[in-house]
Amino acid sequence: MFDDLLASLWGRIITVMAVSAVPVVELRGSIPLGLHTFGLGWPAVYAAAVAGNMLPVPFILLFMRRVFKWLMTFKRLAPLVRRLEKRAHLKGRVMKKYAKWGLLILVAIPLPGTGAWTGALAAAALDMRIKTAFPAIMAGVMIAGAIVTLVSLGVIHVFS
C-alpha cells in the first residue's frame with residue numbers, strides 16, 4: 001500500500017511536505033528529494049517544501065515554552081532542554097537586536113543549524129510575538145526554499 005501511495009503524485013508531494021517538516025533536514029533535504037529522486041517539477045516541490053516546513057512553526061511558537069517547562073520536570077531531560085534553550089538564546093542574540101529582520105536572516109540561510117525550527121525555537125525562547133515571528137519565519141523559509149531550489153537545479157553553483 002505504501003508503495004502505491006509513494007508512486008502517486010500526491011504521495012510524492014506529501015512525502016516532500018513531511019520530510020520538510022522534520023527538524024534539521026527541513027527543505028534542505030526535501031527539495032533535492034522532490035526534484036531528483038521523485039522527478040517532480042520545481043514549482044510543486046517548492047510549494048510543498050515551504051508548506052511542509054511551515055507546518056510545525058505555529059505549534060512551536062504557541063506551545064514550546066510550556067513543553068520546555070514540562071520537560072524540565074524530568075531529571076534526565078532537563079540537561080537537553082537547557083542545551084536547546086542555550087542554543088536558542090545564542091542564535092537569538094542577533095534576533096534580539098534586529099527583531100524580525102534578524103529572525104528572517106536566521107531562517108533564510110539554508111545551512112545546518114538554521115531554518116524554521118531553529119527560528120521558531122529562538123522566537124519562542126525570546127518570547128517574540130507570533131504576529132512578528134510568523135511572517136518573518138515564513139519569508140525566511142521562502143527565501144531559503146528559493147536558494148535551495150536554485151542550487152538543486154544547478155542555476156546557482158555553490159562549489160565551482
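Helices (H or I, at least four residues) and strands (E, at least two) are taken as DSSP runs and numbered from the N terminus. The structure is a predicted model, in which local features need a pLDDT of at least 70 and side-chain atom pairs count only at pLDDT 80 or more, whereas totals for chains, interfaces and linings use all residues. Residues are numbered from 1 along each chain as its sequence is written, and side-chain values use heavy atoms, with hydrogens and water left out.

The protein contains 8 helices and 0 strands, and its order along the sequence is α-α-α-α-α-α-α-α. The pLDDT, which is the predictor's confidence in each residue on a scale from 0 to 100, averages 88 over the protein, and 88% of the residues score at least 70. Among the elements, helix α4 (residues 42-54) has the highest mean pLDDT, 98, and helix α1 (residues 2-7) the lowest, 62. Where pLDDT is low, the predicted coordinates should not be read in detail.

With a residue called buried under 20% relative accessible area, exposed over 50% and partly exposed in between (1.4 Å probe, protein chains only), buried residues account for 41% of the 160 residues in the protein. In helix α2 (residues 9-20) the buried residues are Gly11, Ile13, Val16 and Ser20. This helix of 12 residues spans 17 Å from its first C-alpha to its last, close to the 16 Å expected at 1.5 Å a residue, where the expected span is 1.5 Å times one less than the number of residues.

Two loop residues stand out by their backbone angles. Most residues other than glycine have a negative phi. Val24, in the loop between α2 and α3, nevertheless has a positive phi near 75°, and Val24 counts as exposed at 64% relative accessibility. Asp127, which lies in the loop between α7 and α8, likewise has a positive phi, of about 55°, although it is not a glycine; with a relative accessible area of 58%, Asp127 is exposed.

Internal space and surface openings were evaluated on a 1 Å grid over the protein atoms alone, a cavity being a set of points where a 1.4 Å probe fits but cannot get out, and a pocket an open set with protein on both sides within 12 Å along at least five of seven lines, while lining residues have an atom within 4 Å of a point. Grid points are joined across faces, edges and corners, and a volume is the space filled by probe spheres set on the points. The structure holds 1 cavity of 30 Å³ or more, and the largest cavity has a volume of about 40 Å³. Its lining includes Glu26, Arg28, Asn53, Pro110 and Val141, and the elements that give two or more residues to this lining are α3 (26-37) and α8 (130-152). With Ala, Val, Leu, Ile, Met, Phe, Trp, Tyr, Cys and Pro counted as nonpolar, Asp, Glu, Lys and Arg as charged, and the others, Gly among them, as polar, the lining of the largest cavity comprises 7 nonpolar, 3 polar and 2 charged residues.

The largest pocket encloses about 260 Å³ of space and is lined by 15 residues, of which Leu84, Arg87, Trp117, Thr118 and Leu121 lie nearest its centre. At least two lining residues are supplied by each of α3, α5 (57-71), α6 (78-108) and α7 (116-125), and by class the lining of the largest pocket divides into 9 nonpolar, 3 polar and 3 charged residues. The second largest pocket has a volume of about 160 Å³, and α3 and α8 are the elements that give two or more residues to its lining. The largest share of that lining, 4 residues, comes from α8; the residues lining the second largest pocket include Arg28, Pro32, Leu111 and Ile147, and the classes are 6 nonpolar, 1 polar and 1 charged.

Rings of Phe, Tyr and Trp (its six-membered ring) are paired if their centres lie within 6.5 Å, and planes under 30 degrees apart count as stacked, over 60 as edge-to-face and the rest as tilted. The count by this rule is 1 aromatic pair, formed edge-to-face by Trp70 and Phe74, with 5.0 Å centre to centre and 80° between the planes. Trp70 counts as exposed at 52% relative accessibility, whereas Phe74, at 36%, is partly exposed.
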